[in-house]
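Let's take a walk through this model together, with the picture open beside the text. We'll start with one spot where two helices pass each other, then step back to see the rest.

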Amino acid sequence: MWKWLHSYADPERAYKLSGTLLPWFAMLAISMIGIGTVWGLVFAPTDYQQGDSYRIIFIHVPAASMSMAAYMAMATSSFIGLVWQIKSADWAAAAIAPIGAVVTFIALVTGATWGKPMWGTWWVWDARLTSELVLLFLYLGVISLYASFEDKVLAARAAGILAIVGVINIPIIKYSVDWWSSLHQPSTIKITEESSMPTEMLYPLLINIMGFGVMIGAITLVRFRSEILARNGMRPWVRELAKAEGVK
Amino acid sequence: MQFDSINEFINMGGYGFYVWLAYGVTFFSLGTLIVLSVRQKRKVLVEIAKKIQREERLKETRSNK
């Protein structure tokens, strides 16, 4: 099985496989986010306490939870790249980092625009918000470390170590609302018990959470393919591709 | 359908500014990320193609001597 798995670490096969998967991921992401967003904005019932301001939840929660999931994916890739020296894993991590940064930024901004009408403030230095901001800085740190070395093997190692060390922040974000008293409410969706949310609100939210996940996957595939090409510029198959598509 | 008219939908029960700001920033930043990511591939290929052309020119001048 390992031998079979290893063949997908070959850059050309990885490039082709991700090209085959991309349209499916893209279509799925567009339809899920489309359905979830329209359902959440137009059809989900108004909240009896927060009125229509709560509709921000349909992008805030997906962005926030996926910002952490993407970080775990990036750190896992980095770990695989570091331990087994699989370059494709390093490239995947490099592909995820900018996407994670944007999603974290979205989580922070949508949180602020929700906090203003509900808490009366755009921002507080509270455990949940601060640890999510640290997550953004971790992403930015990984991006700039990877960009600052000419030798990309070395760059991936440096960025990978930062990514792995930064994993410590993930449980801090997750449990910050339980460990410290926070303005931020604890999670509404619970995996082990029934969620404290009516299903007409829960379904569009779940669809959007999955949609955001698939979207991150799709953009990762796009960036991963470019990263493969950039790192393999000397390989004959990339040179053929450049001759065919890169000439203006 | 939770809203009776387009105006009511845009107004979002008085929270229109916050809701649309959140959705606007989200889809704008996602759109920018997607456009930049899609363009990246072509940029990389153009760069490699230029490098190949440079190498070929170097080879030609060398063989002319």
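## Starting at a crossing

Look for the place where α8(A) passes α2(B): the crossing there is left-handed. The two axes cross at roughly 20° and come within 9 Å. An angle under 35 degrees counts as roughly parallel, so α8(A) and α2(B) are roughly parallel. Keep in mind as you look that this is a predicted model.

Which residues make this contact? From α8(A) come Ile219(A), Val222(A), Arg223(A), Arg225(A), Ser226(A), Leu229(A) and Ala230(A). On the α2(B) side you'll find Leu33(B), Ile34(B), Ser37(B), Val38(B), Gln40(B), Lys41(B), Val44(B) and Leu45(B). Sort them by class and you get 9 nonpolar, 3 polar and 3 charged residues.

## Another partner for the same helix

Helix α2(B), which runs over residues 16–64 of chain B, also packs against helix α4 (residues 87–119) of chain A. Here the angle is about 170° and the axes are 9 Å apart. Anything over 145 degrees counts as roughly antiparallel, and α4(A) and α2(B) are therefore roughly antiparallel to each other.

So who meets whom? In α4(A), the residues are Ile99(A), Val102(A), Phe105(A), Ile106(A), Val109(A), Thr110(A), Thr113(A), Trp114(A), Lys116(A) and Pro117(A). They meet Tyr18(B), Leu21(B), Ala22(B), Val25(B), Thr26(B), Ser29(B) and Leu33(B) in α2(B). This contact splits into 12 nonpolar, 4 polar and 1 charged residues. Did you spot Leu33(B) in both lists? It takes part in the contact with α4(A) and in the one with α8(A).

## The two chains side by side

Now zoom out to the whole meeting of the chains. How many residues of chain B touch chain A? The count is 28, and they are in contact with 37 residues of chain A. On the chain B side, the touching residues are 19 nonpolar, 7 polar and 2 charged.

## Chain A on its own

Chain A has 9 helices and 0 strands, so if you read along its sequence you just get α-α-α-α-α-α-α-α-α. Its radius of gyration is 20 Å, close to the 18 Å that the globule rule gives for 248 residues, so chain A is as compact as a globular protein of that length. Along its principal axes, the C-alpha trace spans about 65 × 40 × 35 Å.

Inside chain A, helix α2 (residues 11–43) packs with helix α8 (residues 199–231) at an angle of about 150°, and their axes are 7 Å apart. That angle makes α2(A) roughly antiparallel to α8(A). The contact between them is made of 25 nonpolar, 8 polar and 1 charged residues, and the crossing is left-handed.

## Chain B on its own

Chain B has 2 helices and 0 strands. Is its shape like a compact globule, or drawn out? A compact globule of 65 residues would have a radius of gyration near 11 Å, but chain B has 26 Å. Its C-alpha atoms fill a box of roughly 80 × 20 × 10 Å along the principal axes.

## What the record adds

Some labels come from UniProt, in unreviewed entries. For chain A, the annotation "transmembrane region" covers residues 21–44, 56–84, 91–115, 127–147, 154–173 and 202–224. For chain B, UniProt lists residues 17–38 under that name.

How do these stretches look in the model? Residues 21–44 of chain A are 96% helix and 0% strand, with the end C-alpha atoms 32 Å apart. Residues 91–115 of chain A are 100% helix and 0% strand, and their end C-alpha atoms are 37 Å apart. In chain B, residues 17–38 are 100% helix and 0% strand, with 31 Å between the end C-alpha atoms.

Terms used
Residues numbered from 1 in each chain as written. Chains lettered and ligands numbered in written order. Predicted model: local features only at pLDDT ≥ 70, side-chain atom pairs only at ≥ 80, totals over all residues. Contact = placed C-beta atoms within 7 Å. Nonpolar A, V, L, I, M, F, W, Y, C, P; charged D, E, K, R; others polar. Axes fitted to C-alpha atoms, helices over the stretch in contact; angles between N-to-C directions. Helix = DSSP H or I, 4+ residues; strand = E, 2+ residues; numbered from the N terminus. Parallel < 35°, antiparallel > 145°, perpendicular 65-115°, else oblique. Left-handed = near helix turned anticlockwise from the far one by under 90°. UniProt positions renumbered as here; feature names shortened; annotations may be inferred. Rg over C-alpha atoms; globule rule 2.2 N^0.38 Å.
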